[in-house]
Structures are given as C-alpha cells and as structure tokens.
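Dear colleague,

I am handing over the structure below, together with a description of what was found in it. Please keep it open while you read, since the notes go through it element by element.

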Amino acid sequence: MKRVFAFSIFSVMVNIVLAQPMQNPVLWYTAPADASIKDVDDGWKNDEEWLKALPVGNGFIGAMVFGDVNRERIQLNDKTLWSGSVADNDNPEAFTSLQEIRNLVFAGKYKEATELTNRTQVCKGAGSGNGNGSTVPYGCFQTLGDLWIDFGKHSTYKNYYRDLDLMTGIASVVYEQNRIQFKREIFASYPAKALIVRLTASTSKAISFSLELNRPERFNTRVVNNGLVMSGVMNDGRGSEGMRYKVMVVPVVKGGKLLTDNNKLIVKKATEVMLVITSSTDYRLHYPDYKNNDFEEEPVRISVEAVRKGFAELRREHINDFSGYMNRVSLKLGKHEQSVPTDLLLQRNKQTQMEPGLYALYFQYGRYLLLSSSRQGSLPANLQGIWANKIQTPWNGDYHTDVNIQMNYWPAEVTNLSETHLQMTELIASLQTPGARTARVQYRAGGWVMHPITNVWGYTAPGEHPSWGLHVGASAWMCQHLWEHYAFTLDEAYLNNIFPILKSASAFYLDWLVRDPVSGKLVSGPAASPENTFRAPDGSVASISMGPSHDHQVIHDLFRNTIAAANVLGQKDTIIAKIEAAIRQIPDPAIGSDGRLMEWSSEFEELEPQHRHVSHLFALYPGNQISFYKTPDWAQAARKSLERRGDGGTGWSLAMKIGFWARLHDGDHALKLLNRLLNPVHSSGVEMTNSGGTYNNLFCAHPPFQIDGNFGATAGIAEMLLQSHEDFIELLPALPSSWKEGEVKGLCARGGFEISMTWKDGQLQDANLLSKQGGSCKIRYGEKIIEIETSKGSAYSLSSLL
C-alpha cells in the first residue's frame with residue numbers, strides 16, 4: 001500500500017493517495033475501536049469493540065489497544081492471573097466400577113454402562129464449574145484490568161490511522177485534531193518485561209490527559225511515588241483469599257507537569273509522555289505450592305530499569321528481539337499488496353475467495369500471536385492466548401487438551417518459532433506429579449495421566465461429565481509435542497530431559513489397556529471419542545465405548561515415540577520391552593463398510609455426522625500413522641470421513657481440516673477451508689456448529705473468540721507448502737491451483753532442516769536447504785526424490801529437483 005504523508009515527524013497520516021509501499025505485513029484500519037461502549041457482563045459473550053482492538057504481548061503481559069481518540073482504553077492481561085486454588089479432584093470411587101463398566105460395554109449393555117459411567121467416572125468436587133470456574137477452586141483466567149487515558153476532548157479528528165506491525169510487534173495510532181498531529185506507539189517488550197506506551201505530538205506542550213487504572217472487581221488503585229499502583233486478591237474458590245497481584249504504571253513526562261487527583265494521575269501540557277506498565281502475581285508454575293514470593297518487588301525493579309533505559313533504547317531492544325524471531329520466515333503469495341484496510345480486505349475475500357495478501361497476512365498473524373503469548377519463562381498460550389477482558393472467560397480461558405492447546409503449538413516448529421514450544425514442555429512436566437496421583441487414585445494405575453482440561457493449579461482429573469470429561473488419551477496427545485520438539489531440533493539434551501515423561505505416560509497406558517474378549521487386541525476404555533456421541537445397538541445414546549479410534553491412535557503415537565527416544569538415548573529396560581510388545585497389539589485404524597475410517601470399534605450410528613471434532617483422524621494429522629504414500633487405503637478412508645463430516649464447523653474445527661486436506665495433498669480443498677475460516681463473523685455468543693470464522697481484528701471466532709483457530713490455520717498453510725512427517729521432506733505437497741506464484745523462506749522440517757523456495761505457474765522454480773544439525777536428508781518434489789549428505793551449518797541448492 002502507499003500512503004499520503006502529513007509532512008510532520010509523524011509521517012503516516014492516511015488520506016490514502018499514494019507515496020510509499022508498506023514493507024512489513026501489517027493489520028491496519030482507518031477507524032478506532034470505540035472505547036466508550038461498556039463491556040457486557042456475560043462472560044460468554046464477546047464485545048464487538050474489543051474484537052476491533054489490536055493485541056500486543058510478551059508472553060507475560062498482554063494488552064488490547066483500542067486506539068480511540070478522546071479516551072484511549074488499553075485492556076491489560078497478566079497470563080498468570082487466575083482465580084481458584086489447588087484442589088483434590090481425584091475420585092477414589094471411580095476404580096471400583098471400572099471393570100463392571102468394561103464388562104457391560106463388552107456385553108453390549110450400553111445403557112447400563114453409560115449410567116454407571118456417568119455416576120462414577122467423573123471428578124470429585126466442582127471440577128471446572130461446567131466451564132464457569134471463576135468462583136470454584138478450578139479457577140478462571142481473568143482480565144488484569146484497564147488503563148484509561150482520557151484526553152478530556154470531544155472535538156472531531158481526521159486523517160485517522162492505526163496499525164499493528166507484525167514484524168516489529170508495535171501498535172501505532174495517528175490522527176489529526178485541532179490541526180495537531182498526535183501519535184501513540186504501544187509494544188510489550190520481552191527484554192524489558194514491560195508494556196510501553198509512548199505519546200507524542202507535532203506541537204510542543206500539546207499532550208494533556210488523566211490516567212486511571214481499574215478492573216471489574218477486587219482491586220484497589222492508589223497513587224504511589226507519582227505512579228499508579230493497582231493491587232488485589234483473587235477468589236480462591238473456597239470463600240477465602242487466593243492469588244495476589246500488582247500492577248504499576250509509571251509515567252515519564254517531558255515538557256509538562258505531572259499532578260495527582262485522588263487515585264488518578266493528571267498530565268498537563270507535555271510534549272512527550274512514556275508510560276511503563278508492569279505486573280506480577282504471587283504465582284509460579286511449581287507444584288505443589290505455585291508460589292512466587294518476590295512478586296511485590298518484581299514490577300518495581302522492572303519499572304526502574306525501563307525508565308533508566310528510556311524509550312529509544314526500549315524500542316530498539318524490543319524490535320531486535322521480536323523481529324529476530326518474526327523475520328525468520330517470510331511468505332509471499334502473488335502480488336503482496338496491502339492497499340486495503342484489513343477489515344475491508346476480510347470483507348473482500350468473502351466475495352472473491354482469492355486474496356493472496358490476506359492469506360499471507362493471516363499466516364504471519366498466527367506466528368505473531370504465538371510469539372506474543374508464549375515466551376521463555378511464561379505459561380503456555382491458553383484458549384485465548386494471553387488476551388481476555390472478562391472475569392468469567394469462556395471455558396475458563398484454560399488449557400483444553402482434547403485438541404485446543406495442541407493446536408496452539410502446531411505452528412511452533414514448522415514456522416521457526418521452536419523456542420515458544422518449551423512453555424508447553426514446562427506445563428506438561430509440571431503435571432507429572434498430580435497426574436501420577438490421578439492415575440493411582442482414579443484407576444489404580446502407574447505412570448501419569450490427564451484428561452481434557454487443565455489449569456494453572458495442576459488439575460489432571462476427569463471433567464464433570466464423561467461425554468467430554470473422560471478423554472483418557474489427553475496425556476498421550478500432549479506428549480506428542482515433547483517428541484516433536486526433538487524431531488525438529490535433534491536436541492539430545494532436551495530428549496534426555498523429557499524421556500522420563502514419555503516413559504511414565506506410556507507406563508500408565510500399559511496398565512490402562514485391556515484385552516478385547518473378541519479380537520484379543522489391547523483396547524482403551526471406557527473412553528469417549530472427544531465430545532461425540534452415537535446410538536448404541538441397544539438403542540441408547542452413548543458416548544462411552546471400548547476402543548475408540550482416537551485413543552488407539554494417540555497411544556500408538558506415544559508408544560512409538562517413546563521407543564524411538566529410547567533408541568536414540570540407548571535406554572532399554574523392561575518397561576520399554578513391554579511398550580514394544582503392547583504397540584503391536586493395539587488395533588490399527590479400521591475402514592467401515594461405507595469406506596470411511598471408523599471412529600469407534602463398531603459401526604455405530606452417528607448422531608451428529610458433521611460434528612466439529614474429527615478426533616479419529618489424529619493419525620492423519622497431526623499424527624503420521626496414516627500416510628498418503630504408504631497407507632493409501634487408510635488415506636482414502638480418511639478422505640471419505642472428511643467428505644461426510646463436511647466443510648462447516650467452529651473456527652478451530654475449520655483450521656484443523658486445513659491440515660487434514662493438506663496431508664491428503666488436496667490444496668484446493670485446504671484453501672476452501674481457509675476461506676471458510678476467513679468468513680467475517682460478528683456473532684458474540686456461543687455457537688457450536690457452523691458459525692466459525694474471523695473477527696475484525698483477525699481473531700478466530702469459535703464463536704466466541706478462541707485463539708487455537710489462528711494457530712491451526714497458520715500450521716495448515718505451512719503444511720500446504722512443506723511436509724516432513726514421512727521419512728522425507730516434501731516440497732509444495734498441497735499447493736492450491738490458484739496460488740500460481742509465491743515465495744516462502746525459513747520453514748522448518750524434521751531432522752533439523754530449514755527450507756526456502758519459490759514457485760511460478762504452480763511449479764517449483766528454486767529451493768534451498770539449510771542443515772542445522774548435519775546428517776542425511778531425503779527431499780521430494782512431485783515424483784522426484786533426491787538424497788544428500790549434509791554438514792551442520794551448511795546450505796544446499798535443491799536445483800536437481802527442478
């Protein structure tokens with residue numbers, strides 16, 4: 001895009017005639033989000049103006065920038081800020097009924113099995129509060145509050161422009177009011193561990209405003225040393241005091257006055273103002289105490305250091321850090337122009353279904369969101385990443401482990417953000433001890449296990465209802481991420497650290513699996529295929545069966561990866577021998593009489609043929625038991641399952657299907673799902689079927705907002721361009737026919753390789769490989785395959801594939 005300049009030091013005033021092209025991928029708009037509209041109280045309903053605000057984050061603190069002119073709202077988050085507390089939810093009564101349930105299912109008595117399962121195979125206590133956990137021990141991820149910058153004006157403005165630069169991680173707002181040009185810059189610095197806001201104007205002494213800090217409940221704001229301090233204590237879910245938090249706002253004023261007014265700060269006639277916002281809680285990810293005893297002093301030290309550095313140095317080190325990650329990967333699809341504001345580009349794509357610039361922007365936005373919500377030392381990205389504006393966040397803003405947190409991290413390795421993946425590793429490691437207790441109390445089993453949800457308090461028990469809460473395969477699926485980080489990096493020190501986690505998770509399933517009396521195979525159960533139901537042969541509606549395909553696929557994946565890790569590390573023992581014997585006895589994926597891959601061990605009648613979950617295709621993606629080349633019958637059966645499932649769904653469901661179709665080498669169908677996901681959505685409430693899409697600020701709509709779809713789509717686009725889950729790297733395996741020309745740089749493949757390539761008229765033109773670890777590498781393009789020996793740190797041309 002090209003812009004008109006207001007010929008001031010602020011440059012970018014957009015009356016859009018054309019002067020200079022936009023270099024970086026940028027979300028940009030010509031109107032603010034309206035900060036005057038109050039959020040609705042219902043935590044399960046999104047606020048439309050909040051979904052116009054732009055997100056910044058550093059993994060610890062996040063902010064949504066509204067960009068309103070007369071009264072700016074910067075909504076704040078601290079990723080550790082949760083209500084709730086540690087609780088014992090393991091149910092000692094579950095084990096006594098376990099064998100009886102299995103016998104009933106094997107005997108075909110699904111009604112009786114379901115009734116007994118519903119009574120016994122659940123958590124003890126309130127569990128997640130049915131997704132409303134803000135006042136029960138499970139807890140809820142909540143808003144930290146709002147910073148209000150009130151300029152005390154009501155006059156009109158013009159030449160308004162706001163943007164979010166995905167490469168620098170800086171949100172900007174510029175406008176003209178009363179013949180003065182104003183500019184704001186906002187970024188969340190990881191090096192400084194602070195949120196930085198800078199306000200400037202084209203005329204000296206033109207900046208005056210009041211500053212307030214509040215949240216919907218449980219806060220006290222006071223003025224301390226010419227700054228704002230907000231603190232409070234969360235609800236522990238037991239009627240007592242829970243987590244403590246502290247927020248500081250320190251203004252640095254040039255050319256004006258800083259005054260106080262009760263619990264507000266007043267800035268008068270300043271030329272430039274920098275705000276340093278820091279936060280902390282008394283939480284750390286450390287079972288069983290979860291205590292950070294230094295939280296009172298942390299924001300003080302951080303603020304002092306940020307003020308000492310000054311804005312120029314803070315901005316420089318932030319850009320160096322953030323861009324250092326984002327610039328690893330670039331993607332161009334055709335003419336990479338951004339001459340249309342992002343909201344209008346989204347609307348245009350609804351009509352054209354062919355906006356290459358939007359696809360590339362959305363791809364980079366997913367990487368941006370992951371880097372902004374998952375950095376070393378922080379918690380993993382949750383259901384909303386790091387951004388939430390309510391006390392009761394939908395589904396508690398927790399970690400759903402039956403697809404959602406996994407999807408958050410699907411792009412981590414392939415899009416060259418491997419370091420972000422380590423936060424998930426730390427979460428999984430923290431769940432071993434509580435998960436071992438759950439295995440022992442709930443099932444009298446060894447090892448460790450978790451179910452479909454967890455929080456920051458070590459929750460590993462089942463949920464409140466078996467239809468969704470008895471996902472026993474969750475720990476196996478989570479452990480796939482431990483192996484994947486090794487598969488991409490070949491970091492043996494890392495593998496040695498996580499091997500005990502893999503081995504212990506496998507040990508649980510060795511105790512959990514039982515022999516099917518008919519087939520003689522080892523099967524999982526009682527268990528659900530996540531959130532789906534069927535009509536049983538006895539006429540009852542059931543979700544619980546013995547041997548759901550999903551469980552077998554994730555357990556097979558875990559066993560195989562554990563065996564592979566043992567081979568790399570040379571660690572063989574009796575447990576590994578048992579895993580090697582058991583993996584051969586797990587049923588393979590089965591094909592039904594209609595040619596589809598079976599979701600359950602029998603061909604039950606589906607009650608929702610187009611259900612949002614497609615869990616029985618894990619082996620296709622993100623797993624690799626089903627291969628386009630090596631198991632064509634299974635691949636064809638997976639295709640038929642997808643055709644029956646349809647192209648609708650929630651936001652994350654649509655994103656997941658992009659990956660499925662990419663693995664089936666059908667780029668056009670993958671693009672169809674991407675366009676479906678990019679459908680503009682304004683729905684605010686919960687919808688569980690076919691309402692998925694994209695909000696104004698490109699957040700994914702479940703609806704409501706749920707960030708996994710952003711990450712899943714980014715990973716899906718990468719899968720369209722590069723795959724490495726076989727024993728070779730494949731270039732352009734699912735290139736849509738309409739993506740005639742393009743260029744991608746920096747995608748990563750398993751084995752420690754990095755790939756860059758260009759194509760024209762749908763054909764590969766050039767490709768290069770960087771070997772990070774050395775070793776042999778097999779590369780495929782179309783029917784051509786080459787194998788090369790590489791040296792660590794060396795680059796290679798792949799021109800022989802052309």
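Helices (H or I, at least four residues) and strands (E, at least two residues) are DSSP runs, numbered from the N terminus. Contact, as the word is used here, means heavy atoms within 4.5 Å, while axes are lines fitted to C-alpha atoms, for helices over the stretch in contact, and angles run from 0 to 180 degrees between N-to-C directions. The model is predicted, and local features need pLDDT of at least 70, side-chain atom pairs count only at pLDDT 80 or more, and totals for chains, interfaces and linings use all residues. Residues are numbered from 1 along each chain as its sequence is written, and side-chain values use heavy atoms, with hydrogens and water left out.

With those terms in place, helix H4 (residues 311-326) lies across strand E7 (170-177), strand E8 (180-189), strand E9 (194-201) and strand E16 (272-281), and runs at about 55° to E8.

Those strands lead to the sheets, where two strands are said to pair if DSSP finds at least two bridges between them. Nine strands, in the order E1-E6-E7-E8-E9-E16-E13-E12-E11, make an open sheet with antiparallel pairing. Its edge strands are strand E1 (26-29) and E11, each of which pairs on one side only, and the twist from one strand to the next averages 15°. At the E11 end, strand E11 (residues 220-224) is joined to strand E12 (residues 227-235) by five bridges, and the two run antiparallel. Within this pair, Arg222 stands opposite Val229 in E12, and Thr221 has Met230 of E12 as its bridge partner. The hairpin of E11 and E12 has two residues between the strands, and in it Asn225 takes a positive phi near 50°.

Another hairpin involves strand E14 (residues 257-261) and E15, which pair in the antiparallel sense over five bridges. There are two residues between the strands of this hairpin, in which Asn262 takes a positive phi near 55°, and the bridge partner of Thr260 in E15 is Leu265. Strand E15 (residues 264-270) is also joined by four bridges to strand E10 (residues 207-214), running antiparallel to it, and there Leu211 stands opposite Leu265.

An open sheet of five strands has the order E17-E31-E32-E33-E36, again with antiparallel pairing. Strand E17 (330-333) and strand E36 (795-797) stand at its edges with a single partner strand each, so one side of each is left without a neighbour in the sheet. Neighbouring strands here are turned by 20° against each other on average, direction ignored. Seven bridges join strand E31 (residues 742-749) to the antiparallel strand E32 (residues 753-760), and Gly742 stands opposite Trp759 in E32. Helix H6 (residues 356-373) lies across E17 and E31, at about 165° to E17, whereas H19 lies across E17, E31 and E32, at about 100° to E31.

Turning to helix packing, helix H10 (residues 432-443) and helix H13 (residues 492-512) pack at an angle of about 10°, with their axes 12 Å apart. H10 and H13 are therefore roughly parallel to each other, a label given to angles under 35 degrees. The contact is made by Gln432, Ala439 and Tyr443 of H10 together with Pro500, Ile501, Phe508 and Trp512 of H13.

Finally, there are the internal spaces. On a 1 Å grid over the protein atoms alone, a cavity is a set of points where a 1.4 Å probe fits but cannot get out, a pocket is an open set with protein on both sides within 12 Å along at least five of seven lines, and lining residues have an atom within 4 Å of a point. Grid points are joined across faces, edges and corners, and a volume is the space filled by probe spheres set on the points.

A search of the whole structure finds eight cavities of 30 Å³ or more, and the largest cavity holds about 180 Å³ of space. Of the 20 residues that line the largest cavity, Trp410, Glu484, Phe488, Glu719 and Arg750 are the closest to its centre. The largest pocket holds about 590 Å³ of space, and of its 30 lining residues the closest to its centre are Ser724, His725, Glu726, Asp727 and Arg750.

With kind regards

Conventions:
Angles under 35 degrees count as roughly parallel, over 145 as roughly antiparallel, 65 to 115 as roughly perpendicular and the rest as oblique.
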